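Hi,

Here is the structure I promised to pass on to you. Have a look at it first, and my notes on what turned up are underneath.

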Amino acid sequence: MARILPPASTSPTPSTSQLSFPLLPSLLLSSCSRPRVPLSRAYIPSRRIALLHLGGAIPQSLLSGVKASTLLRLEGNSIEGSTAATMAQPSTNVTENNAIDWVKNDNRRMLHVVYRVGDLHKTIKFYTECLGMKLLRKRDIPEERYSNAFLGYGPEESNFAIELTYNYGVDKYDIGTGFGHFGIAVEDVMRVVDLVKAKGGKVTGEPSPIKGGNTTIAFIEDPDGYKFKLLERGPTPEPLCQLMLRVGDLDRSITYHKKAYGMKLLRKRDYPEYKYTTAMMGYGPEDKNVVLELTYNYGVKEYDKGNGYAQIAIGTDDVYKTAEAIKVFGGKIALQPGPLPGINTKIMACLDPDGWKSINGEDEFCTKLCEKSMRPRLRSLALPLEAHALTSSLAPRLRVFVDNVDFLKELE
C-alpha cells in the first residue's frame, strides 16, 4: 500500500520534502518546493497507488497501454483528495436508468478497509491474540519509511480484510468523530472481553443486550483507539462483519449507496430515545457478509474525519461504467478511471456525499500478479513509463506516487 503521511495529532510527521518519492516519471511532485525524483532502473510500479493531491484528472495518454484490475491488491492505496477532488459532471451519454441497470448487474464486493496505526507490532499482536485474526501478509518498505499488514479471518480473495499502515516516526493519529467502529462476530462475547482485559486492553462497553434486541454486544478499543463492537453470533464465514461510519443525511446516503455502489438496504432503525438512526447497507445477508453501517445523529450534518481512517476498497467489473454511475448520482471523482501504467490494471477513486473515500478496481489483478508468467511483464514496466512522462505543465495539477516495491522478489 502506498504510504500516506497526514499530520499526526501529537508526534511530528516527516515533511514531504524529506521523503524519497518514487514517481511516475515526472508525474509527481507539484512544481512547488518538492524535489523531482528521477526514474531509476529499480523502479517497478506496484499495484498500490496513492493520491496525495489531485487537482486534475490523469490524462489518458499516461494511462494508455495499461489494463487494470483489482482493488484487492491496491494495498492500502490511500486516496487523499477530499479537498482537491472536483464534483464529477454527469456524462450526457449516460442516463440515470442506464447507470442503475449497470450497477445492479455489476459484481461487487467489499474487499478491505485501510487505516493508519502508530505501532504495527502492537496492533497485530492485539488483533491476533485478542480478536483471533490471522496475519495474512506483512511488508516493510524501509526506503519509503512505512510498513503495512493485512489481517482478517480468511483469504483476501473471499473475505473482507483490514489493512494497517504504519508510517515511520508517526505514533499517533487523530481518529476524528466520523469513524464509528468495526464489528466482529464472536461466539462468546464475555470470553473475548475477559481475554482483552487479561491482555491489558481497554473495554469501553461491558457485555449487554443490544438496544431493542437480544444480541449480546460489547465495545473495546485497540491500541490506537479504534473501536470494535463485539457481536455474539453463531459461526459465520465473515466474522469481520461491520464498518460503521457517521453521515450527515441518512436518506441521501442510503440513496447514494444503493444507486452508485449497488448496495442493498438490509435494514433501517430509528432510536428516538437516543436521537440517532442507523441503516445497514451491503451486498448480502448480514450473517454471511460484511456490511456498512451508516449512522445519523439527530442534527449533526458534518463530522471531523481525522487522519487515521483512510478508505474502503470495493471490487467492480468495469471501472469506467462505475465512474459514470458515480458521476450520475452525485459523487466526486478523486481519480479518473484508467489503467495503471504498464500493469494493465484499471482503477478509480471517489468520494461519497459525506466525503468518505473508496477505491474501485477490477478484480482479476490479484490472480494475474501471482502468475509466474507475469514476471517478464513486470521486468519491462520501467520502459513504458518513460514514454508516459507528464509534461511540466501538468505537474502543478497532480501529485501522485506509486511505491517501488520489487514484485519480482515477492513472486520468487
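R108 is found in the loop between α2 and β3 (109-116). Please keep in mind that this is a predicted model. With a relative accessibility of 10%, R108 counts as buried because the cut-off for that label is under 20%. Its side chain makes two polar contacts that I would like you to look at. One is with the side chain of D106, at 2.6 Å, and another is with the side chain of T322, at 3.2 Å. Leaving out residues up to four places away in sequence, R108 touches W102, V103, A260, Y261, G262, Y283, I314, G315, T316 and T322.

T322 brings us to helix α6, which spans residues 319-328. This helix is mostly covered, with eight of its ten residues buried. The buried ones are V319, T322, A323, E324, A325, I326, K327 and V328, so you will find charged side chains listed there too, E324 and K327. They pack against α2 (96-105), α5 (250-259), β15, β16 (332-340), β17 and β18. At the N-terminal end, D318 acts as the cap for α6, with a side-chain oxygen 2.9 Å from the backbone nitrogen of Y320. After α6 comes G330, which has a positive phi near 90°.Helix α5 holds Y256, which is buried at 3% relative accessibility. The C-alpha atoms of Y256 and F329 are 6.5 Å apart, although 73 residues separate them along the chain. Beyond its neighbours within four places in sequence, Y256 is in contact with Y261, I326, F329, G330, G331, C350, L351, D352 and P353. I326 in that list is one of the buried residues of α6, and G330 is the glycine that follows this helix.

Next, helix α4, which runs over residues 189-198. Which of its residues are buried? They are V189, V192, V193 and V196. Seen down the axis of α4, these buried residues fall within an arc of 100°, so they line one face of the helix. In an α-helix there are 3.6 residues a turn, so residues three or four places apart point the same way. On the face of α4 turned away from the buried side you will see the exposed residues R191 and A198. The cover over the buried residues includes α3 (120-130), β7 (179-186), β8 (202-209), β9 (216-221) and β10 (227-232). D188 caps the N-terminal end of α4, placing a side-chain oxygen 3.2 Å from the backbone nitrogen of M190. Following α4 is G200, with a positive phi near 85°.

Then there are the aromatic rings. The structure holds 14 aromatic pairs. One of them joins F179 and F182, a tilted pair at 5.0 Å centre to centre with 55° between the planes. F179 counts as buried at 4% relative accessibility, and F182 does too, at 1%. In another pair, the ring centres of Y309 and W356 lie 5.5 Å apart with their planes at 85°, so this one is edge-to-face. Y309 lies in strand β15 (residues 309-316) and W356 in the loop between β17 (345-351) and β18 (357-362), so the pair ties together parts that are 47 residues apart in sequence. Both Y309 and W356 are buried. Ring pairs also link these residues into a cluster made up of Y115, F126, Y127, F179, F182, Y226, F228, Y309 and W356.

Two rings have a charge over the face. K305 lies over W356, at 4.9 Å from the ring centre. R137 lies over F150, at 3.8 Å from the ring centre.

Finally, a hairpin. Strands β12 (residues 264-271) and β13 (residues 276-282) pair in the antiparallel sense over seven bridges. R269 stands opposite T278 in β13. The hairpin has four residues between the strands, and K275 takes a positive phi near 60°.

If you open just a few views, I would pick the surroundings of R108 with its polar contact to T322, the buried face of α4, and the ring cluster that includes F179, F182, Y309 and W356.

Best wishes

Methods: Residues are numbered from 1 along each chain as its sequence is written. This is a predicted model: local features need pLDDT of at least 70, side-chain atom pairs count only at pLDDT 80 or more; totals for chains, interfaces and linings use all residues. Side-chain values use heavy atoms; hydrogens and water are left out. Rings of Phe, Tyr and Trp (its six-membered ring) pair if their centres lie within 6.5 Å; planes under 30 degrees apart count as stacked, over 60 as edge-to-face and the rest as tilted. Buried means under 20% relative accessible area, exposed over 50%, partly exposed in between (1.4 Å probe, protein chains only). Helices (H or I, at least four residues) and strands (E, at least two) are DSSP runs, numbered from the N terminus. A charge sits over a ring if NZ of Lys or CZ of Arg is within 6 Å of the ring centre and within 35 degrees of the ring normal. Two strands pair if DSSP finds at least two bridges between them. The arc is that of the directions from the helix axis to the C-beta atoms. Contact means heavy atoms within 4.5 Å. A polar contact is a pair of N or O atoms within 3.5 Å; within protein, one must be able to donate a hydrogen and the other to accept it, and residues adjacent in sequence count only if both atoms are side-chain atoms.
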